[in-house]
Amino acid sequence: LGFFCMRTLEMFPVHQDHYTSYKKLFNITDPMIIWRCIVFLEDWKSGHYMEVAGEPVVNWKRGDYVCWNYDVPHFAGNFGVEPRYTLQITGMHK
């Protein structure tokens, strides 16, 4: 669980999470049970962007969320003038 503020002109290029510490902490041998969710803490603002598995995510409302499995490519960026606030949740689904 983590709170994140993405400042103007910050971005995370397309990547896949590996969860190295998470797998070690919870002794996970099958990483496909790991999921991540991003909860948007404010309504979408111009310049805020996210993409998961090639699908753009924009125009969200506070409380909306997006989730993906272990090996799904995703990226995010803030090309607007205001910070982008999100809550990141990592968990397991068997």
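A residue counts as buried when its relative accessible area is under 20%. Keep that cut-off in mind, because the tour returns to it at several stops. One more thing before we start: the model on your screen is predicted.

**Stop 1: the whole chain**

Begin with everything selected. By the cut-off above, buried residues make up 35% of the 94 residues in the protein. Switch to a cartoon view and you should find one helix and eight strands. Following the chain along its sequence, the order is β-β-α-β-β-β-β-β-β. The radius of gyration is 14 Å, close to the 12 Å that the globule rule gives for 94 residues, so the protein is as compact as a globular protein of that length. Turn the C-alpha trace about its principal axes, and it spans about 40 × 20 × 20 Å.

Now show the surface. The accessible area comes to about 6,100 Å², and carbon and sulfur atoms account for 59% of it. If you prefer to look at contacts, take those between residues at least 6 apart in sequence: 73% of them join residues at least 24 apart.

**Stop 2: the disulfide**

Next, select Cys37 and Cys67 and show their side chains. The structure holds one disulfide, and this pair forms it, with the sulfur atoms 2.0 Å apart. Which parts of the chain does the pair link? Cys37 sits in strand 3 (residues 34-40) and Cys67 in strand 6 (residues 65-69), so to speak two distant parts of the chain, 30 residues apart. Look along the S-S bond as well: its torsion is about 105°, so the disulfide is right-handed.

Stay on Cys67 for a moment. Its relative accessibility is 29%, so Cys67 counts as partly exposed. Then add Cys5 to the selection. Is Cys5 buried or exposed? Cys5 has 18% relative accessibility and therefore counts as buried.

**Stop 3: Asp17 and its surroundings**

Finally, select Asp17. You will find this residue in the loop between strand 2 (11-15) and helix 1 (20-25). Asp17 has a relative accessible area of 13%, so it is buried.

Show side chains around Asp17 and look for two polar contacts:

- The side chains of Asp17 and His15 are joined by a polar contact of 3.2 Å.
- The side chain of Tyr19 makes a polar contact of 3.3 Å with the side chain of Asp17.

To widen the view, leave out residues up to four places away in sequence and select what Asp17 touches: Arg36, Trp68, Tyr70 and His74.

Conventions: Residues numbered from 1 in each chain as written. Predicted model: local features only at pLDDT ≥ 70, side-chain atom pairs only at ≥ 80, totals over all residues. Heavy atoms only, no water. Disulfide = S-S within 2.5 Å. Helix = DSSP H or I, 4+ residues; strand = E, 2+ residues; numbered from the N terminus. Buried < 20%, exposed > 50% of the residue type's maximum accessible area, 1.4 Å probe, protein only. Polar contact = N/O pair within 3.5 Å; in protein donor to acceptor, adjacent residues only side chain to side chain. Contact = heavy atoms within 4.5 Å. Rg over C-alpha atoms; globule rule 2.2 N^0.38 Å. Areas by Shrake-Rupley, 256 points an atom, 1.4 Å probe, with all protein chains shown as cover.
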